[in-house]
Amino acid sequence: MWRGDPEGGRLEDFTVEVNEGEVVLDIIHRLQATQAGDLAVRWNCKAGKCGSCSAEINGRPRLLCMTRMSTFERADVVTVTPLRAFPVVRDLVTDVSYNYTKAREIPSFVPPAELAPGEYRMQQEDVERSQEFRKCIECFLCQDTCHVVRDHEENKQSFAGPRFLMRQAELDMHPLDAAEEQGLDRKTSAQEEHGLGYCNITKCCTEVCPEGIRITDNALIPMKERVADRKYDPLVWLGNKIRRRS
Ligand code: SF4
Ligand code: SF4
Ligand code: FES
């Protein structure tokens with residue numbers, strides 16, 4: 001177990017009883033109750049739905065409440081450390097405010113002016129696409145694992161991370177979003193302000209997502225294609241050139 005604060009820390013060894021059916025969060029609670037009363041850990045639901053118990057278990061970003069102890073052998077050492085991509089507050093608690101900053105930078109859905117609420121109609125496949133992305137519990141495990149920021153604090157300024165590039169893709173592919181009519185260009189924003197080009201589709205974000213969202217295949221790659229399509233569409237190219245001249 002990693003114990004420490006922003007000044008530094010160390011791994012401490014504990015031997016804890018494990019009962020059938022328990023998850024790593026149960027073991028941490030037992031540790032708090034019996035051996036380390038001041039151990040800091042963030043959690044809320046213990047059901048894989050609030051996204052607050054994110055940490056790294058044996059170096060892999062995971063939810064503490066969804067990792068069963070039965071996945072380890074009896075003699076295994078289970079190493080629990082805080083999310084590496086974010087600054088430590090204390091022990092397993094990290095400061096994830098980078099994510100909230102990025103969330104605020106993305107303009108929300110722009111309703112179509114010509115339709116009243118209740119008149120919106122969408123194809124089932126468009127509904128299902130949004131629904132997949134909306135399963136996100138904002139655990140930020142994908143953000144933590146992405147190599148663009150994991151060891152590169154300097155990239156955080158210009159890279160929103162998979163969760164928020166996915167949000168931009170969701171809105172850009174939404175058939176009723178009227179952002180462009182309002183002069184909001186989500187493609188340019190994703191590419192130039194939020195670092196879509198940094199993503200080299202390694203799919204590590206998809207692998208750690210506890211909701212099984214296919215972030216890379218269903219959001220990041222389609223968004224890259226949409227950006228590229230527009231860039232190489234001769235009519236758009238001509239339009240941009242004329243606009244820039246005038
Ligand atoms: S696919 Fe892109 S966003 Fe996801 S982890 Fe890899 S580089 Fe990061
Ligand atoms: S996309 Fe998945 S891994 Fe990323 S924040 Fe949402 S639920 Fe967590
Ligand atoms: S405590 Fe809510 S997701 Fe783990």
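In the predicted model, Ile215 touches Cys142, Pro162, Met166, Cys205, Thr206, Cys209 and Leu220, leaving aside residues up to four places away in sequence. Ile215 belongs to the largest nonpolar core, where it is among the residues with the most contacts. The others in that group are Leu64, Cys142, Leu165, Met166, Ala219 and Leu220. The core holds 43 residues. Six helices each supply at least two of its residues: α1 (24-34), α4 (141-145), α5 (147-150), α6 (162-173), α8 and α9. Both domain 1 (2-94) and domain 2 (97-245) contribute to this core, so it lies between them. In soluble globular proteins, nonpolar side chains tend to be buried together.

The overall frame is as follows. The chain has 246 residues, of which 30% count as buried. Its secondary structure comprises ten helices and seven strands. Along the principal axes, the C-alpha atoms fill a box of roughly 70 × 40 × 25 Å. Contacts between residues at least 6 apart in sequence were also examined, and 64% of them join residues at least 24 apart.

The chain divides into domain 1, residues 2-94, and domain 2, residues 97-245. Their C-alpha centres lie 32 Å apart. The contact between the domains takes 13 residues from domain 1 and 13 residues from domain 2. On the side of domain 1 that touches domain 2, β4 gives the most, with three residues. By class, this side of domain 1 has seven nonpolar, three polar and three charged residues.

Strand β4 is also part of an open sheet. The sheet has three strands in the order β4-β3-β5, and the pairing is antiparallel. β4 (60-63) and β5 (80-81) stand at the edges with a single partner strand each, so one side of each lacks a neighbour in the sheet. Strands of a sheet pair through backbone hydrogen bonds, either parallel or antiparallel. Here, β3 and β4 pair over four bridges in the antiparallel sense. Within this pairing, Ile57 stands opposite Arg60 in β4. Strand β3 (residues 54-57) is joined to β5 by two bridges, and these strands also run antiparallel. Glu56 has Thr81 in β5 as its bridge partner.

The hairpin of β3 and β4 has two residues between the strands. Asn58 is found in this loop. Its phi is positive, near 50 degrees, in a residue other than glycine. Most residues other than glycine have a negative phi. Asn58 has 13 other C-beta atoms within 10 Å and is therefore partly exposed.

Lys203 also has a positive phi, about 70 degrees, although it is not a glycine. Lys203 is found in the loop between α7 (186-193) and α8. Lys203 has 15 C-beta neighbours inside 10 Å, so it counts as partly exposed.

Lys203 is one of the residues surrounding ligand 1. The rest of that shell consists of Cys146, Val148, Pro162, Cys199, Asn200, Ile201, Thr202, Cys204, Cys205, Thr216 and Leu220. Two elements, α8 (204-208) and α9 (215-232), give two or more residues to the shell. The shell divides into eight nonpolar, three polar and one charged. Leu220 appears both in this shell and among the residues with the most contacts inside the largest nonpolar core. Pro162 and Cys205, also in the shell, are touched by Ile215.

Ligand 2 has 14 residues around it. Cys136, Cys139, Leu141, Cys142 and Cys209 come nearest. By class, the shell around ligand 2 has eleven nonpolar, no polar and three charged residues. Cys142 and Cys209, among those nearest to ligand 2, are also touched by Ile215. Cys142 is in addition one of the core residues with the most contacts.

Conventions: Residues numbered from 1 in each chain as written. Chains lettered and ligands numbered in written order. Predicted model: local features only at pLDDT ≥ 70, side-chain atom pairs only at ≥ 80, totals over all residues. Near = placed C-beta within 6 Å. Nonpolar A, V, L, I, M, F, W, Y, C, P; charged D, E, K, R; others polar. Pairing = 2+ DSSP bridges. Domains from an automatic or database assignment. Contact = placed C-beta atoms within 7 Å. Core = buried A, V, L, I, M, F, W, Y, C linked by C-beta atoms within 7 Å. Buried ≥ 20, exposed ≤ 12 C-beta atoms within 10 Å, placed from the backbone.
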